[in-house]
Amino acid sequence: MNKNLTVLKLVSVFFLMGMIACKSRDAKVVKKELPSQRPNIIFMMSDDHAYQAISAYSDHLIQTPNIDRIANEGIKFTNACVSNSICAPSRATILTGKHCHIHGKVDNVFPFDESQVTFPQLMQEAGYQTAMFGKLHFGNNPKGIDEFKILPGQGQYYNPDFNTNEGKITVEGYVTDIIMDMTIDWLENRRQEDKPFMLFSMQKAPHREWLPAPRHFKEYTKKTFVEPETLFDDYEGRGSAAKTAEMNLLTHMNWAGDSKLYPEMMAELGIEDMSGWDLEAFEREVGRMNPEQRAVWDSVYRPMMEDFKVKYPKMNETELMKWRYQRYMQDYLGCIASVDENVGRLLDYLEETKLDENTIIIYTSDQGFYLGEHGWFDKRFVYDESFKTPLLIKWPNVIKPGTTNTEMVQNLDFAQTILEAAHIVPPSDMQGESLIPLLIGNDSEWTRDAVYYHYYEYPGIHMVKRHYAIITQDYKLAHFYYDVDEWELYDRKNDPQEMKNVVNDPAYADVVVKLKKQLVELRKEYGDSSQLDQEILRKYLEAKNNPDIETVPLH
C-alpha cells in the first residue's frame with residue numbers, strides 16, 4: 001500500500017513538473033499584441049542634443065526632469081544610433097526609413113530625392129491628421145503634412161522666421177518656446193477629434209550657435225561644469241582622421257559666434273576671424289535680438305567678456321581651452337534647459353487633457369554631439385558621442401515603465417516603427433527594422449545584431465574624413481577612405497572612450513576578419529558599394545566647385 005502510494009506521488013510530481021514545463025514553454029511563445037485602437041503619435045526631436053546632456057543617461061552635466069519623465073514612464077534605448085551623423089541626412093533617413101545613398105541626402109550639399117515616399121505621406125493617406133512645427137532643415141514643403149510651420153534652413157534663435165502653408169511669417173520671441181507654443185496651439189485648436197494624429201515638434205536647440213533664452217542667462221553663465229577626461233586628448237593610438245579633424249574647442253570654435261566674444265573685443269585683442277563667417281554668425285544671431293532682448297543679453301554677457309578681455313593676454317593654451325569649454329557648456333546646456341521646460345509643458349498638457357492615454361511620445365535627436373570629449377565639438381564621426389543618439393519612448397499600457405534596452409537600434413528604424421504602431425503596412429523597400437517587438441516585450445523577435453554607418457561630407461567643414469562602418473554591441477570597425485585607406489577597430493566594452501585602435505592587434509585578428517566579412521554583407525544588403533562611393537564622391541567634388549549650386553548652410 002505504501003509502495004503504491006509512493007509511486008502515485010512520484011507520478012503526480014512528474015505530471016505537475018510536465019505541466020509546469022509546458023506552461024513555461026507556452027509562456028515563451030505568447031506574443032503581446034498591439035492595441036486595436038490606432039494611437040496618436042508625437043515625435044519630438046531636438047538638434048544636436050547629446051545623450052550625455054540628458055540626466056536619464058547621465059546627470060554629470062545637467063538635470064532634465066521632464067525629458068526623464070518619458071524614460072521613467074516608458075523605455076530608454078542606450079544603444080540608439082544614427083546611420084550618418086549630420087543634420088539633414090539624418091532627418092531624411094528618419095522620414096524615409098532608408099539609408100542616405102538611397103534617398104539622396106548623403107550630406108548637406110546633395111539634394112533629397114523628391115520621388116521618395118515619406119512615412120507621413122502614408123499616414124496621411126491612412127486617415128491620420130498630420131502637422132509639423134520647428135526645424136526640418138531641408139525643403140520648405142514637407143510631403144504628407146497637413147499643416148506646417150518650418151524654420152528656413154538652420155533657423156534663428158530669436159524672433160525667427162517660419163515657412164508655412166500660407167507663406168512666410170516672423171514670430172517675436174525665443175524659438176524653443178515658440179515651437180512648443182505652435183505645437184500646443186495646434187493640439188488645442190486645430191486637432192480633429194475624430195482622427196488620430198501624427199505631430200512633429202522639432203526643436204532647433206541646441207544647435208550651434210548656442211543662444212539660451214534670457215531667463216537662463218544669469219543662471220547658466222555662472223555655472224561651472226565638470227571637464228571630460230579626454231578634453232586634452234592627443235589622439236595617440238588613433239588614425240589620421242581623428243588627428244586631422246577640425247573640431248577642436250580651442251583652435252576651431254568661433255570666438256564671436258560660438259564663445260560670444262564681442263567682435264570689437266576680438267579686434268582689440270588681435271583675434272582673427274579664422275573661419276570667415278565668425279563675425280557674420282554673431283551678427284546673424286545676436287544681431288537679430290530686439291532692443292529688450294539685447295539689453296538683457298548685454299547686461300550678462302558684456303561684463304563676462306570685459307573680464308575675459310583683461311585676462312586674455314596672460315592666459316596660456318590650457319587656461320584658454322578650459323575657459324572655452326565652460327563657455328561652450330554654459331550656452332549649450334542653457335539651451336537644453338529651455339528644451340526640457342518645453343517638453344514638460346507638452347507632457348503636462350497631454351496629461352491634463354487625457355490625450356496621453358492613447359498617445360505615443362517619442363523624444364530623440366537627429367544625432368549625437370561632442371561636449372568636449374576628445375577636445376571636440378560638433379559630430380560627424382562614427383565614434384560614440386557623435387554616433388549614438390538619445391531615444392526615449394512612452395506608450396501607456398503598452399511599454400512597461402522604466403524599461404532599458406541595449407539593442408542596436410537606429411534612426412533608420414523610426415519610419416517602420418511608427419507605421420506599424422499606426423496599423424499601416426510599411427513599404428517593402430524601407431530598410432529599417434520595426435522597434436515594436438522591443439516596445440511590447442517581444443524581444444526574441446528582434447533580429448539585428450549590427451548596424452551600418454556611412455559619412456560622406458569631406459572635404460568640408462570640420463574635415464572629418466569619409467568613412468563607413470559596422471557596429472555591434474561589442475565592437476566598431478570603420479574604414480576611412482578617399483585620401484586615406486585606414487581601418488580602425490574599437491573594443492566598445494573594454495575601451496568605451498575609444499582611445500585605442502586595435503585593428504592591428506593580433507589578439508583581435510579573428511574579430512577583424514569576421515567584421516570585415518559582415519561589413520561586406522551589410523553593404524550589399526543595403527545597396528551600398530565601392531562603385532557608389534566613388535560616384536557620390538565625384539558628384540560631391542563637382543558640386544563643391546560649382547558656385548551655381550545652392551547648398552544648405554553647413555555650419
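Asp 378 lies in the loop between strand 8 (359-365) and helix 13, where helices (H or I, at least four residues) and strands (E, at least two) are DSSP runs numbered from the N terminus. Although Asp 378 is not a glycine, it has a positive phi of about 80°. Most residues other than glycine have a negative phi, and most peptide bonds are trans. The model is predicted, so that local features need pLDDT of at least 70 and side-chain atom pairs count only at pLDDT 80 or more, while totals for chains, interfaces and linings use all residues. Residues are numbered from 1 along each chain as its sequence is written, and side-chain values use heavy atoms, with hydrogens and water left out.

Two cis peptide bonds are set out below.

| Peptide bond | Omega | Place of the proline |
|---|---|---|
| Ala 205 to Pro 206, cis | near 0° | loop between strand 7 (197-202) and helix 7 (217-221) |
| Tyr 458 to Pro 459, cis | about 0° | loop between strand 11 and strand 12 |

Strands 11 and 12 belong to an open sheet of four strands in the order 11-12-13-14, with antiparallel pairing, two strands being paired if DSSP finds at least two bridges between them. Strand 11 (451-455) and strand 14 (486-491) stand at the edges with a single partner strand each, so one side of each is left without a neighbour in the sheet. Strand 12 (residues 467-471) and strand 13 (residues 475-480) pair over five bridges in the antiparallel sense, and the bridge partner of Tyr 468 in strand 13 is His 479. Helix 16 (residues 509-525) packs on the sheet, touching strand 11, strand 12, strand 13 and strand 14, with contact meaning heavy atoms within 4.5 Å.

Elsewhere, helix 6 (residues 175-189) and helix 12 (residues 317-352) pack at an angle of about 10° with their axes 9 Å apart; axes are lines fitted to C-alpha atoms, for helices over the stretch in contact, and angles run from 0 to 180 degrees between N-to-C directions. The two helices are therefore roughly parallel to each other, a term for angles under 35 degrees. The residues of this contact divide into eight nonpolar, four polar and four charged, where Ala, Val, Leu, Ile, Met, Phe, Trp, Tyr, Cys and Pro count as nonpolar, Asp, Glu, Lys and Arg as charged, and the others, Gly among them, as polar.

Conventions:
Parallel < 35°, antiparallel > 145°, perpendicular 65-115°, else oblique.
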